[in-house]
Protein chains: 2
Amino acid sequence: MSELVSITSTIDMKIDKPYLIFVGDAPDELAAKTSFGVVDWCKEDCIGQFRLPGCAADLKIPDLNMEQAAERGARTVLIGVANRGGVIPESWIVPLTQALKCGLSIANGLHTPMNSIPAISDAAKSSVGTLIEVRKPSGADHIATGEPRSGHRLLTVGTDCSVGKMYTALALTRELKNRNIPADFRATGQTGIFIEGSGVPVDAMVADFISGSVEQLCPAADPAHWDVIEGQGSLHHPSFAGVSLGLLHGAQPDALVLCHEPTRTNMRGLPNRSIPDISEVMESNLQSARMVQPKVKFVGIAVNTKHLDESARNAYLTGLEDNHQLPCEDPFLTGGKSIVDQLV
Amino acid sequence: MSELVSITSTIDMKIDKPYLIFVGDAPDELAAKTSFGVVDWCKEDCIGQFRLPGCAADLKIPDLNMEQAAERGARTVLIGVANRGGVIPESWIVPLTQALKCGLSIANGLHTPMNSIPAISDAAKSSVGTLIEVRKPSGADHIATGEPRSGHRLLTVGTDCSVGKMYTALALTRELKNRNIPADFRATGQTGIFIEGSGVPVDAMVADFISGSVEQLCPAADPAHWDVIEGQGSLHHPSFAGVSLGLLHGAQPDALVLCHEPTRTNMRGLPNRSIPDISEVMESNLQSARMVQPKVKFVGIAVNTKHLDESARNAYLTGLEDNHQLPCEDPFLTGGKSIVDQLV
């Protein structure tokens, strides 16, 4: 079956914008967190949301059905909701089939492939729209070389998973562009790929091609250009360190930004493992990155301070700056300006 | 199509022995190197070879056709030959279809899946034999925890790819068993999986599950038991270091053996990158392994000395022992005895 339906790989494709965001019957806002991330970062590309009865999330953009969205120029329906077990519920099938009938593509980040649903697979065969499986990279079989390449690259790395690596990379890209410095955000996870419209789902790659796919994501560029690459996991997280190391080598960064959440007491998903020391994380990242980029250095620390009040935040950031002699800020609040100052 | 034919994952299966080894029309012995590796290490499990006209490799075991192999008790046909591009040539289809008709399974390590050939896929549907795709692990979705577990584990690591990590692990397992120490070889690559009849093809895993699949490969065991795990790649090889790190964390080794080929001048496949210093490779492996096993240590250095004459070999091994204060030997020549002495 799978050979009959057009599946596009995320490694060599663009997800066409603008988007209709499919929020479905999200039971709460957390289930739609990908949708909120997309609207936060590229609201201009989101012409509407599609919600089913009972949906508990609202992106505060127009509610449109598939016909309306197509009429207003939407190109792709983004599945921006996670549901239990990653399966596609019965109630989604009619609207998604309708989307294809209207000529829209569907970009899917769930584990269940769209074409495993016969009605959707059939509708795709006679649609100009395509099914884009963000978790099923294909055609990515480049083995990394580690050879030096032109252009500048910045990678966000973390003391743990989910500490703000995507947010920081997006904020730094925006700040660079504000200063008319040529820069591109390079997405490595599902939400980032939706926001940018392209990228590599690095944690879904076949192990042998982790670094190679990242080399393809941020190839040789103009010497003045910055690729700002979204990090994944942590070199110190035993579940995912292999992914983080492959990403670090493929990125060949000349600049690193450490991302940290200071109130966390244990590594995500591992109650018995404490968060590593910041200096230790910086040293291990530098040591590993030097293999492909001897001049690599840290240019700042991005701190997710949402659980600190203002005085605690200021004290924490000042102390951190004194300790590490690097700009330390929360890019959610201040946009990464001090880090970009250091970079340029 | 793929859902109709029984595909067994290598992560939770045994490849049934004994084997008929399919050497096909191998143009030279190098193309059949997997076959030779299997015969070297489990000749007693190989009841014959199947060769097509023009085959330039000879495993020196009986030539049998599919019927004869089935009559003599063979259970699985191993595809032990690599051909250009990893495709399955026309000339293989009749004999492989015949194998399934005789009730034999087929274990395939090529990139092309067996069931992509309609005649083979059809024959599999009516056979008691199954199609085993060694490069297509399925059902492996365990996220590693890094939690301490019982039993001893030894991992072979390398200064580069293809320096003898599988050979060393097999030799050490054999030597442990000779001394009545409970031990198992844990395979992580195609040839090792064929030899052992089970294992995890770690370089074909989805990136998120590298470490988790290795945790499943060598789970908690009796405190006196040794799992001897086949390493892959090198922490210092920029194409594959992510795989090596994920494997190192999943293995949670208490003992490491460094594998080295002293005449190599550059990293495999990377003409511009020199081989790293042995001490540096040992230090980086120890540092990374301590995250999951603080007591990890090296117990020896296994040197592939096939390109050294006897006096050069002896001088090299003696110098290495003096430098590192560890047993250094070529397990191909001396079976890893001094390393096992150090281990126990």
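**Exercise 1. The proline after Lys17**

Where in chain A does P18(A) lie? Describe the peptide bond before it, then do the same for chain B.

*Solution.* The model is a predicted one.
- Step 1. P18(A) sits in the loop between β1 (7-8) and β2 of chain A.
- Step 2. K17(A) and P18(A) are joined by a cis peptide bond, with omega about 0 degrees.
- Step 3. Turn to chain B. The bond from K17(B) to P18(B) is cis, and omega is near 0 degrees.
- Step 4. P18(B) is in the loop between β1 (7-8) and β2 (19-24) of chain B.
- Step 5. For context, most peptide bonds are trans.

**Exercise 2. Overall build of chain A**

Describe the extent, burial and contact pattern of chain A.

*Solution.*
- Step 1. Take the secondary structure. Chain A has 12 helices and 12 strands.
- Step 2. Take the extent. The C-alpha trace spans about 60 × 45 × 45 Å along its principal axes.
- Step 3. Test the radius of gyration. A compact globule of 344 residues would have a value near 20 Å, and chain A has 20 Å, so the two agree.
- Step 4. Take burial. Of the 344 residues in chain A, 54% are buried.
- Step 5. Take the contacts with a separation of 6 or more. In chain A, 76% of them link residues 24 or more positions apart.

**Exercise 3. What covers helix α1 of chain A**

Which residues of α1 (residues 33-42) of chain A are buried, and what covers them?

*Solution.*
- Step 1. List the buried residues. They are T34(A), S35(A), G37(A), V38(A), V39(A) and W41(A).
- Step 2. Find the cover. Strands β2 (19-24), β3 (46-51) and β4 (76-79) of chain A are among the covering elements.
- Step 3. Add the helices. The cover also includes α5 (165-178) and α6 (190-196) of chain A.

**Exercise 4. The A-B interface**

How many residues of each chain are in contact with the other? Characterise the chain A side.

*Solution.*
- Step 1. Count. 31 residues of chain A are in contact with 31 residues of chain B.
- Step 2. Assign elements. On the chain A side, α7 (210-217) and α8 (241-251) are the elements that give two or more residues.
- Step 3. Rank. α8(A) gives the most, with 6 residues.
- Step 4. Classify. The side of chain A that touches chain B has 17 nonpolar, 10 polar and 4 charged residues.

**Exercise 5. Two helix pairs in chain B**

Work out the packing of α7(B) with α8(B), then of α3(B) with α4(B).

*Solution.*
- Step 1. Start with α7 (residues 210-217) and α8 (residues 241-251) of chain B. They pack at about 40 degrees, with axes 7 Å apart.
- Step 2. That angle makes α7(B) oblique to α8(B).
- Step 3. Find the hand. α7(B) passes α8(B) in a right-handed crossing.
- Step 4. Name the contact. α7(B) supplies I210(B), S211(B), G212(B), S213(B), V214(B) and E215(B). α8(B) supplies V243(B), G246(B), L247(B), H249(B), G250(B) and A251(B).
- Step 5. Classify these residues: 5 nonpolar, 6 polar and 1 charged.
- Step 6. Move to α3 (residues 90-101) and α4 (residues 118-125) of chain B. Their axes come within 9 Å and cross at roughly 5 degrees.
- Step 7. The cut-off for roughly parallel is an angle under 35 degrees. Therefore α3(B) and α4(B) are roughly parallel to each other.
- Step 8. Name the contact. I93(B), L96(B), T97(B), L100(B) and K101(B) of α3(B) meet A119(B), I120(B), A123(B) and A124(B) of α4(B).
- Step 9. Classify the residues of this contact: 7 nonpolar, 1 polar and 1 charged.

**Exercise 6. Positive phi**

Examine Q252(A) and S162(B). Give the phi, place and burial of each.

*Solution.*
- Step 1. Recall the background. Most residues other than glycine have a negative phi.
- Step 2. Q252(A), not a glycine, has a positive phi near 45 degrees.
- Step 3. Q252(A) lies in the loop between α8 and β10 (255-260) of chain A.
- Step 4. Q252(A) has 26 other C-beta atoms within 10 Å, so Q252(A) is buried.
- Step 5. S162(B), also not a glycine, has a positive phi of about 55 degrees.
- Step 6. S162(B) is in the loop between β7 (152-158) and α5 (165-178) of chain B.
- Step 7. S162(B) has 15 C-beta neighbours inside 10 Å, so S162(B) counts as partly exposed.

**Exercise 7. Two charged residues of chain B**

Is K43(B) buried or exposed? Is E310(B) buried or exposed?

*Solution.*
- Step 1. Place K43(B). This residue is in the loop between α1 (33-42) and β3 (46-51) of chain B.
- Step 2. K43(B) has 12 other C-beta atoms within 10 Å, so K43(B) is exposed.
- Step 3. Place E310(B). This residue lies in helix α10 (residues 310-324) of chain B.
- Step 4. E310(B) has 9 C-beta neighbours inside 10 Å, so E310(B) counts as exposed.

Methods. Residues are numbered from 1 along each chain as its sequence is written. Chains are lettered from A and ligands numbered from 1 in the order in which they are written. This is a predicted model: local features need pLDDT of at least 70, side-chain atom pairs count only at pLDDT 80 or more; totals for chains, interfaces and linings use all residues. Two residues are in contact if their C-beta atoms, placed from the backbone, lie within 7 Å. Helices (H or I, at least four residues) and strands (E, at least two) are DSSP runs, numbered from the N terminus. Ala, Val, Leu, Ile, Met, Phe, Trp, Tyr, Cys and Pro count as nonpolar, Asp, Glu, Lys and Arg as charged, and the others, Gly among them, as polar. Axes are lines fitted to C-alpha atoms, for helices over the stretch in contact, and angles run from 0 to 180 degrees between N-to-C directions. Angles under 35 degrees count as roughly parallel, over 145 as roughly antiparallel, 65 to 115 as roughly perpendicular and the rest as oblique. A crossing is left-handed if the near helix is turned anticlockwise from the far one by less than a right angle, and right-handed if clockwise. The radius of gyration is taken over C-alpha atoms; the globule rule is 2.2 Å times the number of residues to the power 0.38. A residue is buried if 20 or more other C-beta atoms lie within 10 Å of its own, exposed if 12 or fewer, and partly exposed in between; C-beta atoms are placed from the backbone.
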